[in-house]
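Please open the structure in your viewer and keep the sequence beside it. The tour below moves from one selection to the next and says what can be found at each stop.

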Amino acid sequence: MVPGQRALIGAAGSRPCTLVVCRGCCCGDARKHPGYDHAGQLDRLRAAAAASDGAFQVRTTDCLGPCDQANVIVVQPSTAGRRAGGRPTWVGFATDDASTTELLTWATAGGPGLAPPPPTLELQFVSPPRAARVRSRR
Ligand code: FES
């Protein structure tokens with residue numbers, strides 16, 4: 001085994017739930033979606049992740065595709081959640097504090113595969129673009 005390989009596998013084996021926050025051309029852009037504190041949303045998500053003691057993490061990404069459903073946030077299952085059947089869950093129209101709270105509630109509880117989503121958050125689930133659906137089955 002290559003030195004360091006075990007550590008890499010170990011790290012992948014314990015990946016936490018991850019909130020992938022789109023911050024591309026439309027998501028998070030106050031000119032396109034005025035009336036919401038997009039930077040404040042990201043700050044809140046990051047602060048909660050930092051305080052979660054590793055229960056979940058937050059990362060940002062460029063445009064994920066469904067710009068007409070901005071802000072888009074994908075809830076990626078943890079490794080344990082994926083083993084339990086959880087799959088990436090795409091949430092759209094996340095432009096209010098209530099949906100941000102629900103995303104945090106779900107991620108804190110374990111996310112896809114480990115905890116049921118808040119029922120009202122389910123109303124914001126959106127279909128991923130075809131390419132993402134293919135990737136998530138792998
Ligand atoms: S900018 Fe978020 S989906 Fe395009």
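Begin by colouring the chain by confidence: this is a predicted model, and its pLDDT averages 90 over the chain, with 86% of the residues scoring at least 70. Then select residues 1–10, where pLDDT stays under 50 and where the model has one contact beyond four places in sequence.

**The whole chain**

Switch to a cartoon view and follow the chain from the N terminus, along which the elements run α-β-α-β-β-α-β-α-α-α, giving six helices and four strands. Of the 138 residues of the chain, 31% count as buried. If you consider the contacts with a separation of 6 or more, residues 24 or more positions apart account for 73% of them.

**The sheet**

Now select the four strands, which form an open sheet in the order β2-β1-β3-β4 with mixed pairing. Its edge strands are β2 and β4 (89–91), each of which pairs on one side only, and from one strand to the next the twist averages 20°. Strands of a sheet pair through backbone hydrogen bonds, and they do so in either a parallel or an antiparallel sense.

Go next to β1, residues 17–22, and β2, residues 56–61, which pair in the parallel sense over six bridges. On the other pairing of β1, that with β3, the sense is antiparallel and there are four bridges. Which residues stand opposite Val 20 in these two pairings? Select Val 20 and you will find Arg 59 opposite in β2, while Val 74 stands opposite in β3.

Moving on to β3 and β4, you will see an antiparallel pairing over three bridges, in which Val 75 stands opposite Thr 89 of β4.

**The helices on the sheet**

Add helix α2, residues 38–51, to the selection of β1 and β2, and you have a right-handed β-α-β unit. Helix α2 lies across β1 and β2, and it runs at about 145° to β2. Helix α4, residues 97–109, also belongs in this view, since you can see it packing on the sheet and touching β1, β2, β3 (73–76) and β4; the direction of α4 makes about 15° with that of β3.

**The nonpolar core**

Show side chains for the largest nonpolar core, which has 22 residues. The members that touch the most other members are Leu 19, Val 72, Ile 73, Val 75, Val 91, Leu 103 and Ala 107. At least two residues of this core come from each of β1, α2, β2, β3, β4 and α4, and β1 gives the most, with four residues.

For the last stop, centre the view on Val 75 and leave aside residues up to four places away in sequence. Which residues does Val 75 then touch? They are Cys 17, Leu 19, Pro 88, Thr 89, Val 91, Leu 103, Trp 106, Ala 107, Gly 111 and Pro 112, and among them you will recognise Thr 89, the residue opposite Val 75 in the strand pairing.

Key. Residues numbered from 1 in each chain as written. Predicted model: local features only at pLDDT ≥ 70, side-chain atom pairs only at ≥ 80, totals over all residues. Pairing = 2+ DSSP bridges. Right-handed = clockwise from strand over helix to strand, strands pointing away. Buried ≥ 20, exposed ≤ 12 C-beta atoms within 10 Å, placed from the backbone. Contact = placed C-beta atoms within 7 Å. Axes fitted to C-alpha atoms, helices over the stretch in contact; angles between N-to-C directions. pLDDT = per-residue confidence, 0-100. Core = buried A, V, L, I, M, F, W, Y, C linked by C-beta atoms within 7 Å.
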